[in-house]
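Ready for a walk through a protein model? Keep the structure open beside you, and turn it around as you read.

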Amino acid sequence: MKYLITTLFCLLLTLSYGQFCWDSQNSTTNDIIIDIDFAPTGNLVGIYGSLFNGQIGRTNDGGDTWSIVHSFTGEYLSQVYIDDAFNCIAATETKIYKSTDGGINWALKYNNPNSIFWTGAIEESNGRIFCGKGGFSINSGNHLYYSDDVGETWDSVSTIFDQVRDVSFHNNYGVLISSGDLFVSSDLGDSWTVLTGLPHSHLITELEMLSATDFITVGKNGEVYYTQDFGSTWTNVNIGTTEDLKVVEFGNGTNGIIGGNNGTLYMTNDGIAGPWTVSPHGGSSTANYLAIHAHTGTYAWAGNSEGEILTAPCQDVAIDILDLIGPDSLCQDDSYNYTIKYEVTQGIAENPAFQVLLNASNISSGYAEDIGVFGPGIYNLDLSSTLNISTEGTYGYIVTATPNLNETSTLLDYYGLNETENVFVKEKGTLSAESPLYFCPEDEVNLQASGDGLFIWYLEDTSSTPLSNSSVFPIEDLIYIVEADQGLCKLYDTVMVNLDPNCVTIQLPAAAYAFSPNGDGVNDVFVIDYLEDTENQVYIYNRWGDLIAGFANYDNDNVVWDGTYNSKVVPAGTYYFISEYNQNQKHQAWIQVVR
């Protein structure tokens, strides 16, 4: 296991990478690190591949900690690629594998027993992933393979190459090295044309495409060439070394890194033309740098033949994300609050910014700032979001911390994926309410809804008291709201109940059906004169159709309504009653309570 004592070399340069020093990371291997790649989403999830031991190393925190999560026993590993925090691709001697859990478990997706060795970068462009076959081949055949479904299936391009040492794309424009030749494509690799008249004196080992016209090559004896017209003309760049160069990577159109033998690392922030400047580091001076990943021009990792990994920039501020505190379960479209708990462990953080992903979807509106100046200590950042996941299931959070909004490429910590802060999302059921409904005076209206859950009805506002049942006796146009309680989810719909214009005009209640329960001894009770000496049932409702009183054998004396409900005097207004008497007779009318 190789673990370097951290040695910091800060460059007093204006270029983005050169402003930073290199930190050493514990790779947990002493094998040759042949390739290294980081996910574009989240930025701190990365994997490396080691050549002879076939090891997959993984980090969730930008390389602060690495662990070996898989070994391809008995196979040499050539290239690795990570599409997001979960989907990874690895190429060995004769096979291409895919992982959907971040590199822990792998499934064979392509096997070519005639191939001796896979080489060249696994390259992605416009959703297509390329993998080149180099070295020797038992039988002649295609040596560039591609996948349009993130590594599930593979096919070969129509052009037959001697071998493929490296391939690079910018959108549909690509270039590859085949033996000593360069080929270019302008149709995302469907067809290729060999470039003639190359000025190179030495073997080209790797290349990088920066635009539809610009690319750079590096090779043996420190040879560097670039073109800005898709290979028609070339310019030589003397970067100041005769060491064999192995790798070139650009994080954007201007900021690049070249790595080579015997500790060689060069940087530029002026594009392919340079100038290129030596980038001092604390790694081995005899190791060969074979793997570089440059991210957005300001963040980079370099791996070498002695199992060392370096990262730039080194950090003067350190933040650890301790926890994400939020609901364990939510319903689709819910709005909710959550809290990021973090610790500043080094330096002073001014307006630190956090990106929060749920199911790879940004829920923090880009980056959320914690406004203020924060020294060492533990802090909470309270945030809110609205859920936008449409499929029921359990989803995990990913949280990244950056120094501030001006340095979102410089990531201080990663939290998630393997943590326990997951949320269960419940899919909404259905709800449909019949609307509008029409009524005539004295009609009973049955409010109706269909769908999932328990239905609860309200008059006009869900903050009001729920109705006791869904049968109402309206006397004017009203709006009712139905709530479908589906456990985690609550759905709402409205019902318009309108007076039918074809009905006879409502008449005011007759005087016989008005009374004034004010305790003055005059007309204090509700008298129904036709019920005396009958067997009867009387039901009294408020204007919303709620039953507020019921009587058996109403006699206007001992069994009589005194204008109260639950021992409290009801408000003045219009009420409704139904009487059933003499076995088969029924009457219903309005009551006016006067105060």
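Let's begin with a bit of vocabulary: two strands are said to pair if DSSP finds at least two bridges between them. Strands themselves are DSSP runs marked E, at least two residues long, and they are numbered from the N terminus. One thing to keep in mind throughout is that this is a predicted model.

Now put those words to work. Find strand S2, at residues 33-38, and strand S3, at residues 46-50. How many bridges join S2 to S3? There are five, and the two strands run antiparallel. You can pick out a single partnership here: Asp37 has Ile47 in S3 as its bridge partner.

Zoom out a little, and you'll see that S2 and S3 belong to an open sheet of four strands. Read across it and the order is S2-S3-S4-S5, with antiparallel pairing. Which strands sit at the edges? They are S2 and S5, the latter covering residues 67-71, and each of these pairs on one side only. The sheet isn't flat, either: from one strand to the next, the twist averages 25 degrees.

Let's move to another sheet. This one is also open, but it has three strands, in the order S30-S32-S38, again with antiparallel pairing. Its edge strands are S30 (318-325) and S38 (377-386), and each has a pairing partner on one side only. Ignoring direction, neighbouring strands in this sheet are turned by 25 degrees against each other on average. Look at S30 and S32 (residues 335-346) and you'll find seven bridges joining them, with the strands running antiparallel. For one of the partnerships, check Ala318, whose bridge partner in S32 is Gln346.

Time to switch from strands to charged side chains. The structure holds nine salt bridges, and three of them make good stops on our tour.

First stop: Glu152 and Lys109, whose closest N and O atoms are 2.9 Å apart. Where do these two residues come from? Glu152 is in the loop between strand S13 (144-147) and strand S14 (155-156), while Lys109 is in strand S9 (residues 107-111), so to speak a long way off, as the pair links distant parts of the chain, 43 residues apart. Glu152 counts as partly exposed, because its relative accessibility is 33%. Lys109 is partly exposed too, at 28%.

Next up is Arg128 with Asp190, where the closest N and O atoms are 3.0 Å apart. Arg128 lies in strand S12 (residues 128-137) and Asp190 in the loop between strand S17 (181-185) and strand S18 (193-194), so this salt bridge ties together parts that are 62 residues apart in sequence. Are the two partners buried or exposed? Arg128 is buried, with a relative accessible area of 10%, whereas Asp190 counts as partly exposed at 43%.

The last stop is Asp244 and Lys220, with their closest N and O atoms 3.0 Å apart. Both residues are in loops: Asp244 between strand S22 (235-237) and strand S23 (245-250), and Lys220 between strand S20 (215-219) and strand S21 (224-227). They are 24 residues apart, and the pair links distant parts of the chain. Asp244 has a relative accessible area of 18%, so it counts as buried, since the cut-off is under 20%. Lys220, at 32%, is partly exposed.

Finally, salt bridges can share partners, and here that joins Lys98, Lys109 and Glu152 into one network.

Key
Residues numbered from 1 in each chain as written. Predicted model: local features only at pLDDT ≥ 70, side-chain atom pairs only at ≥ 80, totals over all residues. Heavy atoms only, no water. Axes fitted to C-alpha atoms, helices over the stretch in contact; angles between N-to-C directions. Salt bridge = Lys/Arg side-chain N within 4 Å of Asp/Glu carboxyl O. Buried < 20%, exposed > 50% of the residue type's maximum accessible area, 1.4 Å probe, protein only.
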